[in-house]
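Open the structure in your viewer and keep the selection panel at hand. Each stop below suggests what to pick out next and what to look for there.

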Amino acid sequence: MRIRPLAIALAAASAIVGFTATPAQADHSWGSYHWSRSGEARLTIYSSVTSDWAGALSTANADWNASPYLQNTVVAGGTSSTTRRRCVMPAGAIRVCNYAYGNNGWAGLASIDTDSGGTHINQASAKMNDTYEAGRSAAERQGVMCQEVGHDFGLGHQDEDMTNANLGTCMDYTRDWSTNQHPNAHDFNQLAAIYGHSDAAFKAAAPSTTSIRTGNTVTIITWAS
Amino acid sequence: MRSVVLLVPVAALLLAGCGGQPPSPRPSAAIASSAAPAPRGTSGTLVINQSGAAPARTAWYARVETPDAKPLTEAAFPQGPITLTKELTAGKYRVIAWHRACADVCPTTGEKGLGPLEEVCGATVTVTAGATLTATVTIDAEGTCAVAVPGPTVSPTP
């Protein structure tokens with residue numbers, strides 16, 4: 001496993017400085033969920049998206065891989081309607097799908113499976129709802145993709161007010177995605193806070209986003225604007 | 001990982017399951033209700049009901065939460081249609097419904113035989129003081145759902 005110790009150390013230091021200097025930027029982890037790993041996480045992301053979403057997934061993966069704690073790879077994961085509709089989580093990996101999931105109110109849905117009663121993510125999925133997103137701007141689709149994939153790493157939303165000023169991150173609810181298509185420094189600081197520990201329990205902030213636990217599966221919902 | 005195991009289809013003989021519309025609704029299994037009673041004069045009524053028959057062997061759930069995702073009440077409907085009534089302080093809320101597959105008869109308590117979340121839907125609703133708002137969870141044969149909210153209706157004066 002390729003590890004980037006200097007980058008990780010710098011990121012951890014940056015996280016500490018960042019949190020100290022900008023207390024208004026609250027913790028936005030999703031629960032205390034994280035992938036178990038030694039060094040950086042090196043996950044396989046199965047692409048079960050159609051060609052019109054492939055670019056957004058590729059960009060989102062590159063964006064998140066800018067974190068020294070992530071070095072993930074996108075591979076083909078099957079794009080049949082059944083595969084995309086079910087979007088079954090692959091063991092030890094992430095599956096990303098798009099499909100017209102219906103007029104159900106959500107634009108994106110991220111789900112994780114954890115160890116029993118624990119916080120380690122074993123597998124995950126991210127769904128993009130074409131019922132809402134098929135006709136939306138490229139910026140919005142990029143932002144939603146980035147956000148759902150970000151959830152699968154254990155990140156929550158930075159902000160859920162769609163009408164306030166953009167925070168410059170895809171983890172921010174907005175009606176104008178033009179400046180919210182990619183992660184920002186606070187996301188990378190948060191990843192450092194989550195993954196810069198020795199895999200012991202990570203203390204998380206109280207959730208402020210719709211989250212549903214069903215057995216060992218937890219789902220976080222990005223509502224459609 | 002249990003959730004994956006539970007996705008394995010079960011025999012068709014196990015049709016005595018749940019999620020379909022029984023002749024008469026059975027009591028739901030309440031999970032939680034953390035909301036304080038709404039003050040009189042500032043409260044309205046939110047009614048959540050179901051339209052359409054849910055697929056067999058699916059357990060349905062409904063939740064009302066605040067816009068910042070604080071759950072106010074949540075209930076399970078493992079053997080019957082969704083039906084939930086809640087007095088709430090006037091304001092905005094989110095109504096959410098979802099279902100889980102059941103390996104056999106959907107349990108009224110506990111996790112045995114329940115799979116992970118399969119479908120979820122929701123909508124923002126605005127409860128008005130003195131009015132009743134009905135949110136309808138429409139479920140189709142495949143188990144997909146949508147929450148529909150018509151305009152508020154004013155309760156008749158007693």
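**A tour of two chains**

Begin with strand β6 of chain B, which is mostly covered: 10 of its 12 residues are buried. To select β6(B), pick residues 91-102 of chain B. Do keep in mind as you go that this is a predicted model.

**Stop 1: the partners of β6(B)**

Leave β6(B) highlighted and add β7(B), residues 114-127. The two strands run antiparallel to each other, and 11 bridges pair them. For a landmark along this pairing, label Trp98(B), and you will find Val120(B) of β7(B) opposite. β7(B) is mostly covered too, with 11 of its 14 residues buried.

Now bring in β3(B), residues 58-65. This strand is also joined to β6(B) in the antiparallel sense, here by 8 bridges. A handy pair to label is Ala62(B) and, opposite in β6(B), Ala97(B).

**Stop 2: two alanines in loops of chain B**

From β3(B), follow the chain into the loop that leads to β4(B), residues 71-77, and stop at Ala69(B). Check the backbone here: Ala69(B) has a positive phi of about 75°, although it is not a glycine. Is Ala69(B) buried or exposed? Ala69(B) counts as buried, because it has 21 C-beta neighbours inside 10 Å.

Next, select Ala129(B), in the loop that links β7(B) to β8(B), residues 131-139. With 16 other C-beta atoms within 10 Å, Ala129(B) is partly exposed. Which residues does Ala129(B) contact once its neighbours within four places in sequence are left aside? They are Gly41(B), Thr42(B), Ser43(B), Gly44(B) and Ala90(B). While you are here, draw a distance from Ala129(B) to Leu88(B): the C-alpha atoms are 8.6 Å apart, while 41 residues separate the two in sequence.

**Stop 3: where the chains touch**

Show both chains together and select the contact between them, to which chain B gives 21 residues and chain A gives 23 residues. Colour the chain B side by element, and those that give two or more residues are α1 (2-5), β6 (91-102), β7 (114-127) and β9 (145-148). Which element gives the largest share of this side? β7(B) does, with 7 residues. Recolour the same side by residue class, and 13 nonpolar, 3 polar and 5 charged residues appear.

**Stop 4: an overview of chain A**

Hide chain B for a moment and look at chain A, which has 6 helices and 8 strands. Traced along the sequence, its elements come in the order α-β-β-α-β-α-β-β-β-α-α-α-β-β. Chain A has 225 residues, and 50% of them count as buried. If you draw its contacts between residues at least 6 apart in sequence, 72% of them join residues at least 24 apart.

**Stop 5: strand β2(A) and its partners**

Select β2(A), residues 44-48. Why is this strand largely enclosed by the rest of the structure? It is because 4 of its 5 residues are buried.

Add β3(A), residues 73-76, which pairs with β2(A) in the parallel sense over 4 bridges. Label Thr44(A), and across from it you will find Thr73(A) in β3(A). Then show helix α2(A), residues 51-64: together, β2(A), α2(A) and β3(A) make a right-handed β-α-β unit.

Now turn to β4(A), residues 94-99, which runs parallel to β2(A) and is joined to it by 4 bridges. A good residue to label here is Tyr46(A), whose bridge partner in β4(A) is Arg95(A).

**Last stop: Cys87(A)**

Finish in the loop between α3 (81-86) and β4 of chain A, where you will find Cys87(A). Here too the backbone deserves a look: Cys87(A) is not a glycine, yet it has a positive phi of about 50°. Turn on its surroundings as well, since Cys87(A) counts as buried, with 23 C-beta neighbours inside 10 Å.

Notes. Residues are numbered from 1 along each chain as its sequence is written. Chains are lettered from A and ligands numbered from 1 in the order in which they are written. This is a predicted model: local features need pLDDT of at least 70, side-chain atom pairs count only at pLDDT 80 or more; totals for chains, interfaces and linings use all residues. Two residues are in contact if their C-beta atoms, placed from the backbone, lie within 7 Å. Ala, Val, Leu, Ile, Met, Phe, Trp, Tyr, Cys and Pro count as nonpolar, Asp, Glu, Lys and Arg as charged, and the others, Gly among them, as polar. A residue is buried if 20 or more other C-beta atoms lie within 10 Å of its own, exposed if 12 or fewer, and partly exposed in between; C-beta atoms are placed from the backbone. Two strands pair if DSSP finds at least two bridges between them. A crossover is right-handed if, with the strands pointing away from the viewer, the path from the first strand over the helix to the second runs clockwise.
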